[in-house]
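Biologist: I am new to this one and would love a friendly tour. Could you show me the model, and then we can talk it through?

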Amino acid sequence: MRDRLLNGDAGLAALLGAVGLYWMVGAVPLGFWRGFAPAAGFLPFCYGLVLLALSAAVLGQIGTGRADGAAPDQAGFAKPVLIMVVIGVALLGLQSAGFAISIFLTLLVLFVLVERLRFLPSLAVTLAITAGLHLLFRVWLGVPLPKGPLGI
Amino acid sequence: MEILTGLLDGFATALTPTNFLLAILGVLLGQIVGALPGIGPSTAIALLLPLTFGADPAGAMIMFAGIYAGSHYGGTLTSVLIHVPGESSGVMTAVDGHQMARQGRAGVALGVAAIGSFIAGTVGVVGLMLLAPSLARLALAFGPPEYFALILLGLTALAAVGDSVLRGLATGVFGLLLGTMGIDPQTGVPRFHFDALWLLDGIDFIVVAVALFGLGEVLATCNLGAAQAVVGKVRGVIPRGEDWRRSRGAIARGTIIGFLVGVLPGTGATIASFVAYIVEKKVAKDPSRFGKGAIEGVAGPEAANNAAVSGAFVPMFALGVPGSGTTAIMLGALIMFGLRPGPALFADNADIVWAVIASMYIANVILLILNLPLAGLFARLLTIPYSWLYPPIVAICITGVYSQANSIADCWMMLGFGALGWAMKRHGWPAAPLILGLVLGPMFETALRQSLTLSHGSGMIFLSRPISAVLIVAAAVAVLAPPTVAWLQRAAAQRQA
């Protein structure tokens with residue numbers, strides 16, 4: 001039972017339960033009823049309460065080992081975490097380095113360092129996609145994507 | 001006879017070389033913007049509006065109608081191929097469409113979407129042509145209690161999507177809860193914004209949809225590496241035999257649902273696609289197929305979202321009230337051209353109305369001709385090794401989310417929800433109910449509070465109005481019928497034993 005509870009499934013249920021509890025507490029100062037109709041806190045409180053109850057039910061289900069839904073995916077953590085780190089660094093640099101450079105470097109790092117693909121094809125694909133996104137979003141649709149020191 | 005004369009005049013206007021080219025341009029633009037998350041048809045039309053100052057109003061409206069129709073199919077492409085819904089109406093298509101793609105059936109998924117969209121779009125235009133005034137009167141009968149009941153029916157889908165009822169309900173309620181963030185629409189009080197200015201507008205659904213479906217899918221699947229995303233061989237695009245037998249009913253039902261829901265102001269293709277999906281799952285002999293590549297899960301929502309496009313024009317032309325966000329922008333365009341939207345439009349500017357209606361027929365044909373042959377080509381994209389596919393998907397997600405509101409904070413939120421989406425996918429928690437709750441939650445709350453204000457706090461308003469009562473009974477049946485039927489079947493089996 002301890003192993004069943006100490007996994008991501010239980011973690012998700014606990015996280016949602018905590019969010020539900022936070023919403024219930026946060027809804028109280030907003031008030032539940034005003035005049036003839038619910039006030040701003042009514043539905044958030046109800047949603048929080050229901051979410052807390054459902055999360056507890058899922059935790060109970062996990063604890064008693066009753067299966068409900070798909071078995072957990074066993075794939076590793078390392079690559080997804082690495083991809084998130086790469087995206088995080090790209091976002092940190094998006095406004096200072098500019099859209100084009102950030103996206104270019106993100107793609108190149110994912111292709112060459114994360115996936116260990118060959119450099120020249122990776123560079124070609126990276127250039128094509130970065131240019132395509134720049135043309136489509138900035139030039140054609142006029143979206144004001146951040147510009148870096150090179151003006152792109 | 002008057003309708004036929006008007007339609008023929010409309011075709012005469014729409015088939016001039018300039019207007020025909022504008023229709024093709026609109027459809028192509030619509031497909032591109034529909035495929036891009038963060039850029040929707042309303043954004044595309046708003047961006048093009050200044051360019052049409054002084055232009056012929058008929059030509060401009062024909063192009064805008066083409067953009068609107070094309071955008072839904074563009075969203076289908078990304079929903080099916082890379083599990084990133086480009087449009088809110090593509091969320092339900094992504095659930096089963098992408099599973100079909102993983103099974104080597106992307107061509108069939110795109111093919112049935114193209115055929116279903118064509119049939120639904122064409123029938124929808126016929127409905128717009130023949131029924132606009134009567135449907136407009138029906139739309140006027142929809143007040144806050146009816147909207148509340150309709151959305152309640154939509155929310156019954158929370159338990160219907162995904163394998164786990166409990167987890168589906170939990171994520172759906174989480175979505176409802178996220179929908180309460182920002183400024184309360186009734187009182188103007190800020191709620192759950194964590195003292196962040198950028199959260200005062202709440203969380204945009206496209207950020208969460210791209211994060212859960214796009215980035216979450218990438219994180220969950222990135223370990224495929226050099227393997228292809230597709231399990232089986234990519235086959236043809238025309239649904240045949242069993243596929244067509246399952247799809248045709250779904251297309252018919254989706255068309256009716258989409259058109260009727262689209263007629264209601266403020267609802268649009270998103271709710272239409274959700275309701276169509278629930279209906280298909282409820283009427284299916286084996287509902288367990290849904291979420292694993294059921295073709296009805298693509299055919300129904302796709303037909304619904306295209307029929308809703310035509311339905312959304314009904315209140316716009318007949319009443320001067322927008323049926324969706326996109327038609328709101330188009331209404332602005334009509335006013336900009338000096339036209340008066342509303343019942344008088346049919347009398348004073350019938351030529352423009354009929355030209356737009358005729359161009360919608362043309363746009364549906366263009367969509368079918370363009371996309372059916374290309375569906376197989378698009379499907380072959382999935383034979384590219386996943387290590388080459390997912391980095392561009394990541395780039396599109398970042399760019400699309402940033403473009404939505406030019407906000408880096410949205411991108412960070414995308415990363416956070418992407419991690420959540422990965423965890424949810426890893427442990428079998430369905431993502432679609434979260435989106436459903438986020439989209440429907442604000443409308444649900446507004447309709448509830450307005451209804452109770454109207455009735456001075458009495459809940460009987462929901463049962464005393466016939467349309468609202470029927471919809472609430474339908475919602476109750478949708479929730480109570482499956483467990484009741486299961487209990488009766490168990491009892492019968494025990495008696496026999």
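**A walk through chain B**

Modeller: Happy to! Let's start at B:W429, which sits in the loop of chain B between α17 (408-426) and α18 (432-454). Do keep in mind that this is a predicted model.

Biologist: Is B:W429 buried or exposed?

Modeller: The cut-off for buried is under 20% relative accessible area. B:W429 has a relative accessibility of 3%, so this residue counts as buried.

Biologist: Which residues of chain A are in contact with B:W429, leaving aside its neighbours within four places in sequence?

Modeller: On its own chain, B:W429 is in contact with B:R167, B:A170, B:T171 and B:M424. The contacts from chain A are A:D9, A:L12, A:A13, A:L16 and A:V58.

Biologist: How many Å separate the C-alpha atoms of B:W429 and B:S164?

Modeller: Along the chain, B:W429 and B:S164 are 265 residues apart. In space, their C-alpha atoms are separated by 7.3 Å.

Biologist: Now B:S403, please. Is B:S403 buried or exposed?

Modeller: B:S403 has its place in helix α16 (residues 386-405) of chain B. Its relative accessible area is 8%, and the cut-off for buried is under 20%. B:S403 is therefore buried.

Biologist: What is the separation between the C-alpha atoms of B:S403 and B:P265?

Modeller: These two residues lie 138 residues apart along the chain. The separation of the C-alpha atoms of B:S403 and B:P265 is 27 Å.

Biologist: Which helix gives the largest share of the largest nonpolar core?

Modeller: The largest nonpolar core has 208 residues, and those with the most contacts inside it are B:F64, B:F174, B:F313 and B:I435. The largest share of this core is 16 residues, and the helix they come from is α15 (residues 350-380) of chain B.

Biologist: Which residues does B:F313 touch, not counting those up to four places away in sequence?

Modeller: B:F313 is among the residues with the most contacts inside the core. The residues touched by B:F313 are B:A65, B:Y68, B:L128, B:T327, B:M330 and B:M360.

Biologist: Stepping back, what radius of gyration does chain B have?

Modeller: Chain B holds 20 helices and 2 strands. For 497 residues, a compact globule would have a radius of gyration near 23 Å. Chain B agrees with that, as its value is 22 Å.

Biologist: And what percentage of the residues in chain B is buried?

Modeller: The percentage is taken over the 497 residues of chain B. Buried residues make up 63%.

Definitions and conventions. Residues are numbered from 1 along each chain as its sequence is written. Chains are lettered from A and ligands numbered from 1 in the order in which they are written. This is a predicted model: local features need pLDDT of at least 70, side-chain atom pairs count only at pLDDT 80 or more; totals for chains, interfaces and linings use all residues. Side-chain values use heavy atoms; hydrogens and water are left out. Helices (H or I, at least four residues) and strands (E, at least two) are DSSP runs, numbered from the N terminus. The radius of gyration is taken over C-alpha atoms; the globule rule is 2.2 Å times the number of residues to the power 0.38. Buried means under 20% relative accessible area, exposed over 50%, partly exposed in between (1.4 Å probe, protein chains only). A nonpolar core is a set of buried Ala, Val, Leu, Ile, Met, Phe, Trp, Tyr and Cys residues joined through side-chain atoms within 4.5 Å. Contact means heavy atoms within 4.5 Å.
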